[in-house]
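Let's look at this protein model together, one question at a time. Keep the 3D view open as you read.

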Amino acid sequence: MIDGRVVSPSTGATLPVEDPATGEIFAQIPAGSPEDIDRAVRAARASFTAGTWSRADPAHRGRVLWAFARAIRDEAEALAWLETRDSGKPIAEARADIVGTAEILEYYAGLASQVFGQTTRVPGNSFATVIREPAGVVGQITPWNFPLYVGAWKFAPALCSGCSVVLKPSELTSLTMLAAAELALAAGVPPGVFNVVCGTGAEAGAPLAEHRDVDVLAFTGGAVTGRKVLHARADRLRPTQLELGGKSPNIVFDDADLERASAGAAFGIFYNQGENCNAGSRLLVQAGIYERFVARLVERAQAIRVLPPLDERSQMGALISAAHLRKVAGYVDVGILEGATLLCGGPPPAEGHFTRGHWYLPTVLADVKPEHRVFQEEIFGPVVTVTKFTEDDEAIALANATEFGLAAGAWTSSVQRALRCSQELQSGYVWINNYNPTPVEVPFGGVKSSGFGRDCGPQAVDTYTTWKTVLWALSPFDDWYKQ
Ligand code: NDP
């Protein structure tokens with residue numbers, strides 16, 4: 001979708017779209033090229049300069065975003081179906097993504113006319129107005145795990161701020177983003193303001209990150225690609241927002257409500273097949289409750305219904321691709337070799353719906369030590385590691401013993417422990433007696449190697465706006481060189 005039109009890619013090439021649950025190729029998407037990215041950036045620049053959106057009344061932008069949200073709600077069932085086929089996630093979770101996408105747009109619709117500048121008197125009898133301006137042309141590169149929902153974390157605040165966008169979705173999951181771009185146009189987002197170019201990371205992602213006319217680049221994905229994107233942006237000396245992976249600790253203290261904590265631990269790791277940047281993938285469990293807690297967690301993991309994702313009863317679907325399945329299974333093998341104990345899960349039996357597609361069962365690895373690779377590296381699948389601790393200090397130290405800092409959880413009935421965790425856990429997000437919700441009203445993002453800048457909340461607007469200071473003399477100009 002470039003300049004308000006569905007166009008063929010310059011090379012005419014397409015990419016096959018696979019249903020992860022069956023392996024069936026059920027669609028083709030355009031394989032965008034560097035020329036297509038350039039075409040989209042030029043359309044975005046032209047629309048930004050023309051001011052049809054960038055200088056529109058913020059209230060108008062809000063109304064259009066609201067209409068866009070309404071269109072997403074009206075098409076929710078079709079979009080959820082598409083998301084499920086494209087990503088392999090259960091239909092109930094795809095529905096939650098689509099409703100979440102509408103909520104994100106509604107939030108930024110409301111925020112559009114709340115983005116204010118500042119004024120102040122400054123020394124020298126001057127008066128300053130500090131204007132908040134849209135940052136310009138924004139490039140956005142989004143992942144395959146929450147294709148439309150995490151995409152909306154990027155495009156909604158950018159559109160709210162008055163920017164023009166070129167978004168490259170993951171080649172594995174582009175369908176709902178293409179559909180959303182058409183809905184945006186119909187809702188009144190002017191041509192050229194919201195461009196979507198599909199394609200591979202190499203042919204479309206890298207050219208977008210490297211493009212000299214992209215003012216801000218926002219990326220969600222893995223650390224390896226994030227580093228490449230940042231290098232490209234360093235060469236251009238242009239700002240970048242990164243939301244990368246995590247290895248998030250979920251701490252269960254001995255005074256926690258074990259039923260709720262085990263439910264939260266299971267939900268924290270197994271939601272979306274564990275393909276979740278903030279997955280609670282490292283459980284840290286206090287010694288006094290360790291055996292009871294782990295037994296309950298295993299019961300819960302084994303009870304999760306791993307079914308074809310369009311089956312209404314499905315609670316876990318298929319992994320995104322054969323390559324990703326190999327990566328996840330490989331990590332579990334490495335964990336066992338390093339000394340971890342496989343308590344449940346692993347590859348499913350080769351029967352029924354498991355004979356096609358990319359399936360892996362909810363997996364619990366116990367006796368995991370901080371030096372194990374499965375404790376340190378992001379697996380991004382339905383695999384949780386469990387590590388025992390004794391003292392609270394030890395729990396905090398273990399939680400922080402990773403290069404990542406995206407999210408963390410703590411389960412306890414003690415206010416002191418909860419407060420201590422909220423202060424001492426090195427992470428951009430902390431859940432207390434809770435795990436996973438990411439309401440759009442509050443910022444989401446990481447510290448350490450999990451990235452910088454924030455999605456969601458009013459903070460996301462910081463990425464997509466710049467400050468311009470205007471200094472007004474309130475008295476006649478005082479000649480420095482008095483002659
Ligand atoms: P990537 O980080 O490679 O993909 C994220 C996005 O970047 C996709 O749109 C991808 O396109 C694009 N991309 C790929 N290469 C480049 C490049 N050189 N320049 C610019 N953009 C590029 O994720 P993967 O799919 O490879 O997954 C690898 C790992 O990353 C996962 O196993 C997981 O650990 C982590 N990950 C984390 C996510 C998160 O939410 N934080 C989301 C996804 C992955 P394309 O898909 O078309 O290649």
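Helices and strands here are DSSP runs, with at least four residues for a helix and at least two for a strand, numbered from the N terminus. Keep in mind that this is a predicted model.

Q: What share of residues 11–470 is strand?
A: UniProt, in an unreviewed entry, places the feature "domain: Aldehyde dehydrogenase" at residues 11–470. The end C-alpha atoms of this span lie 47 Å apart. Helix makes up 42% of the span, and the strand share is 20%.

Q: Are α3 and α4 parallel or oblique to each other?
A: Helix α3 covers residues 76–87 and helix α4 covers residues 91–111. Their axes are 8 Å apart, and the packing angle is about 125°. Angles from 65 to 115 degrees count as roughly perpendicular and those over 145 as roughly antiparallel. The angle of about 125° fits neither range, so α3 and α4 are oblique.

Q: How many charged residues are in the contact of α3 with α4?
A: On the α3 side, the residues that meet α4 include Glu77, Trp81 and Glu83. On the α4 side, Ile91, Ala94, Arg95 and Ile98 take part. By class, this contact has seven nonpolar residues and one polar residue, and the number of charged residues is three.

Q: Are α4 and α5 roughly parallel or roughly perpendicular to each other?
A: The axes of α4 and α5 come within 9 Å and cross at roughly 10°. Angles under 35 degrees count as roughly parallel. The two helices are therefore roughly parallel.

Q: How many nonpolar residues are in the contact of α4 with α5?
A: Among the α4 residues that meet α5 are Ile104, Leu105 and Tyr108. Among their partners in α5 are Trp153, Phe155 and Cys160. The contact has one charged and two polar residues, and its nonpolar residues number 13.

Q: Which strand holds Phe194?
A: The whole structure has 14 aromatic pairs. In the pair of Phe155 and Phe194, the ring centres are 4.8 Å apart and the planes are at 45°, so the pair is tilted. Phe155 lies in helix α5, so the pair ties together parts 39 residues apart in sequence, and the strand that holds Phe194 is β7.

Notes: Residues are numbered from 1 along each chain as its sequence is written. This is a predicted model: local features need pLDDT of at least 70, side-chain atom pairs count only at pLDDT 80 or more; totals for chains, interfaces and linings use all residues. Side-chain values use heavy atoms; hydrogens and water are left out. Axes are lines fitted to C-alpha atoms, for helices over the stretch in contact, and angles run from 0 to 180 degrees between N-to-C directions. Contact means heavy atoms within 4.5 Å. Ala, Val, Leu, Ile, Met, Phe, Trp, Tyr, Cys and Pro count as nonpolar, Asp, Glu, Lys and Arg as charged, and the others, Gly among them, as polar. UniProt positions are given in the numbering used here, feature names are shortened, and annotations may be inferred rather than shown by experiment. Rings of Phe, Tyr and Trp (its six-membered ring) pair if their centres lie within 6.5 Å; planes under 30 degrees apart count as stacked, over 60 as edge-to-face and the rest as tilted.
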